[in-house]
Amino acid sequence: MNVAIVGASGAVGQELLRVLTEQNFPVDELRLFGSQRSAGRQYEFRGRMIEVRELRHDTDDFRDIDIAFTSAGAGTSREFADDITRFGAVMIDNSSAFRMDPEVPLVVPEVNAADSLERPKGIIGNPNCTTIQMVVALNPIEQLSHIKRVHVATYQAASGAGAAAMDELMLQTRQVLDGEEPTVEKFSARLAFNLIPQVDVFTDNDYTKEEMKMFNETRKIMHSPDISVSAMCVRVPVLRAHSEAIWVETEKKLEVAEVRKAMEAAPGLVVMDNPAEREYPMPGDMAGKDPVYVGRLRSDLTNPNGLTFWTVGDQIKKGAALNAVQIAQWLIAHDPAFSNK
């Protein structure tokens with residue numbers, strides 16, 4: 001495959017470079033793109049240095065590219081989508097630009113990989129990180145009984161706001177410990193030793209855009225327009241793994257044992273659930289790992305058809321770069337346009 005990464009200097013772009021290597025992804029040629037500011041930087045990939053090119057209009061830089069991973073923000077994705085796809089490249093976009101476009105599939109390979117075959121615009125949406133993590137855990141439950149309602153509280157790491165936000169959390173932590181006034185630029189308030197009950201901007205219904213992404217994207221990915229999702233998204237002083245507390249109501253009553261069995265057999269999901277031995281997933285332990293981890297699985301005391309559980313997943317990895325690469329891997333294995341190469 002000839003591969004491009006747009007936004008190569010960002011946190012997700014850098015993770016894409018690592019994931020392509022870890023996954024032994026078949027790369028014949030790799031082209032890196034970025035803003036005028038990052039153009040000229042060089043990054044190592046499989047023993048050779050590759051220079052970042054400036055992303056520009058009306059060039060043939062994407063000629064012969066098979067797959068382009070884009071992670072430079074929604075504005076950039078919208079502005080350059082035609083330039084990226086006009087020579088036939090499949091654009092796997094990590095921004096929110098096209099996620100709810102009916103002509104753009106929104107894909108989590110463990111849930112709806114086949115949707116990626118129908119892409120009229122040549123674009124596949126990579127979902128929001130919190131949605132990816134949640135639907136990987138919801139899917140085995142949905143196979144047992146249709147899910148009617150989901151309540152979720154997220155505990156989102158600084159990485160969701162980018163590499164500079166991670167740096168700011170570490171800086172703030174040192175400043176607070178040293179008795180200094182903390183620097184606040186990337187967050188709406190001090191994050192060190194604090195929680196911020198706001199991720200993204202508020203919408204007219206007083207839910208944030210992040211919370212509404214979980215509502216809308218879950219329905220699209222799971223092909224279930226009647227699933228109701230109510231989310232409370234919270235930024236927490238963790239570097240890069242998100243956590244979620246999830247309550248689910250199903251159409252029929254499910255036993256915890258059968259749900260656990262289904263989760264243990266589900267791709268991309270690891271059950272870590274032994275409360276007696278204090279075994280449950282925590283973000284400090286799961287950073288840098290591929291799967292979504294689930295624990296604290298039990299019946300909901302308030303609802304006879306309810307379950308509740310806890311999930312943890314690396315935001316930069318499965319929540320962004322790894323999911324995008326897994327989409328590309330599925331295409332290579334199943335799409336005739338790629339498997340015949």
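Two strands count as paired here if DSSP finds at least two bridges between them.

**View 1. Strands β5 and β6 lie side by side in this predicted model.** With that cut-off in mind, take β5 (residues 67–70) and β6 (residues 90–93): they run in the parallel sense and share four bridges. Which residue of β6 is the bridge partner of I67? That would be V90.

**View 2. Pull back a bit and you get the open sheet that β5 and β6 belong to.** It has seven strands, and reading across gives β3-β4-β2-β1-β5-β6-β7, with mixed pairing. At the edges sit β3 (42–45) and β7 (123–125), each with a pairing on one side only. On average, neighbouring strands are turned by 25° against each other, direction ignored.

**View 3. Here's the largest pocket, with a volume of about 1,200 Å³.** Its lining takes in 47 residues, and those nearest the centre are A72, G73, G160, A161 and G162. Elements giving two or more residues to this lining are α1 (11–22), β2 (29–34), α2 (74–85), α6 (209–221) and α9 (317–334). Sort the lining by class and you have 17 nonpolar, 22 polar and eight charged residues.

**View 4. The second largest pocket holds about 170 Å³ of space.** Which element gives the most to its lining? It's α6, with five residues. The lining is made up of R78, S96, R99, M100, T203, K209, M212, K213, N216 and E217. By class, that's two nonpolar, three polar and five charged residues.

Definitions and conventions: Residues are numbered from 1 along each chain as its sequence is written. This is a predicted model: local features need pLDDT of at least 70, side-chain atom pairs count only at pLDDT 80 or more; totals for chains, interfaces and linings use all residues. Side-chain values use heavy atoms; hydrogens and water are left out. Axes are lines fitted to C-alpha atoms, for helices over the stretch in contact, and angles run from 0 to 180 degrees between N-to-C directions. On a 1 Å grid over the protein atoms alone, a cavity is a set of points where a 1.4 Å probe fits but cannot get out, and a pocket is an open set with protein on both sides within 12 Å along at least five of seven lines; lining residues have an atom within 4 Å of a point. Grid points are joined across faces, edges and corners, and a volume is the space filled by probe spheres set on the points. Ala, Val, Leu, Ile, Met, Phe, Trp, Tyr, Cys and Pro count as nonpolar, Asp, Glu, Lys and Arg as charged, and the others, Gly among them, as polar.
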